[in-house]
Amino acid sequence: MKKIAVIGSGGSGKSTLSRKLGEKLSIDVFHLDAILWKPDWEAVAKDQQKLIQQQLVAKDRWIIDGNYNGTLDIRLEAADCIIFMDMPRSLCLYRVILRTFRHRRQPRPDMATGCEERFNFSFLKWVWDYPTDKRPEVLKKLERFRGQKEIIILKSPKEAQLFLENIKNESTVTIP
């Protein structure tokens, strides 16, 4: 596990898991939300998003967390390990609402400077619809890599915690 893509719905725990995993494995973590947004929620242009991610995946070791389905294949192709945070929609929605209030009028630690947390109905709808709109597509992509890459699907916070606890060092991972 030297090149790790962490994917999943908003509120699934991607950034938290990535941060903890990076600390445990001494691997740099790149939060796409912090890289692909400019202040005041201005998105980086699509061609620039691709270029940035191509540069990131060219590194020897990395953890990249984020969705960005339009550029997902760049990360999945380059990763040796893919972690899908497949959490229940109610938990994801709860976490998104909680962080909205927790980080109100300030950026989250995993978000770009100048992007203050805000209540956004369209994002809440996207999180709610993720299991039916995005999850099937993600599972199809993961199936393509079965047998070629280490694929870890975490379905609960307890599974995520056990996964982190079972990592021994850079080369040894015991999947719960």
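## Polar contact at Thr-71

A polar contact is a pair of N or O atoms within 3.5 Å, where, within protein, one atom must be able to donate a hydrogen and the other to accept it. In this predicted model, the side chains of Thr-71 and Gln-53 make such a contact at 2.7 Å. Thr-71 is placed in the loop between strand 5 (62–65) and helix 4 (72–78).

Thr-71 has a relative accessibility of 5% and counts as buried, because the limit for that class is under 20%. With its neighbours within four places in sequence left aside, Thr-71 is in contact with Lys-50 and Gln-53.

## Overall architecture

The chain is built with eight helices and nine strands. It comprises 176 residues, of which 44% count as buried. Of the contacts with a separation of 6 or more, 71% are between residues 24 or more positions apart.

The exposed area of the chain is about 9300 Å². Carbon and sulfur atoms supply 52% of that area.

## Surroundings of Leu-21

Leu-21 belongs to helix 1 (residues 14–25). Its relative accessible area is 0%, and Leu-21 is therefore buried. Beyond its neighbours within four places in sequence, Leu-21 is in contact with Met-1, Ile-4, Ile-63, Ile-83, Phe-163, Leu-164 and Ile-167.

One of these contacts, Phe-163, stands 142 residues from Leu-21 in sequence. The C-alpha atoms of Leu-21 and Phe-163 are nevertheless 9.6 Å apart in space.

## The two sides of helix 5

Helix 5 (residues 89–102) contains 14 residues. From first C-alpha to last, helix 5 reaches 20 Å, close to the 20 Å expected at 1.5 Å a residue. Its buried residues are Cys-92, Leu-93, Val-96, Arg-99 and Thr-100. Viewed down the axis of helix 5, these residues fall within an arc of 135 degrees, so they line one face of the helix. An α-helix has 3.6 residues a turn, so residues three or four places apart point the same way.

Helix 6 (121–133) is included in what covers the buried residues of helix 5. On the face turned away from the buried side, helix 5 carries the exposed residues Tyr-94 and Arg-102.

## Salt bridges involving helix 7

Side chains of opposite charge can pair when their charged atoms come close. The model contains eight salt bridges. In one of them, Lys-141 pairs with Asp-73, with the closest N and O atoms 2.8 Å apart. This pair links distant parts of the chain, since Lys-141 is in helix 7 (residues 135–145) and Asp-73 is in helix 4, 68 residues apart. Lys-141 counts as buried at 14% relative accessibility, whereas Asp-73 is partly exposed, with a relative accessible area of 31%.

Asp-73 also meets Arg-144 in a salt bridge, at 3.9 Å from N to O. Asp-73 lies in helix 4 and Arg-144 in helix 7, so this pair ties together parts that are 71 residues apart in sequence. Arg-144 is partly exposed, with a relative accessible area of 43%.

A further salt bridge joins the side chains of Arg-135 and Asp-86 at 2.8 Å, N to O. Because Arg-135 lies in helix 7 and Asp-86 in the loop between strand 6 (81–85) and helix 5, the pair ties together parts that are 49 residues apart in sequence. Arg-135 is partly exposed at 25% relative accessibility, while Asp-86 is buried at 10%. Elsewhere, salt bridges that share partners join Asp-73, Glu-77, Lys-141 and Arg-144 into one network.

Methods: Residues numbered from 1 in each chain as written. Predicted model: local features only at pLDDT ≥ 70, side-chain atom pairs only at ≥ 80, totals over all residues. Heavy atoms only, no water. Helix = DSSP H or I, 4+ residues; strand = E, 2+ residues; numbered from the N terminus. Buried < 20%, exposed > 50% of the residue type's maximum accessible area, 1.4 Å probe, protein only. Contact = heavy atoms within 4.5 Å. Areas by Shrake-Rupley, 256 points an atom, 1.4 Å probe, with all protein chains shown as cover. Expected span 1.5 Å × (residues − 1). Arc of directions from axis to C-beta. Salt bridge = Lys/Arg side-chain N within 4 Å of Asp/Glu carboxyl O.
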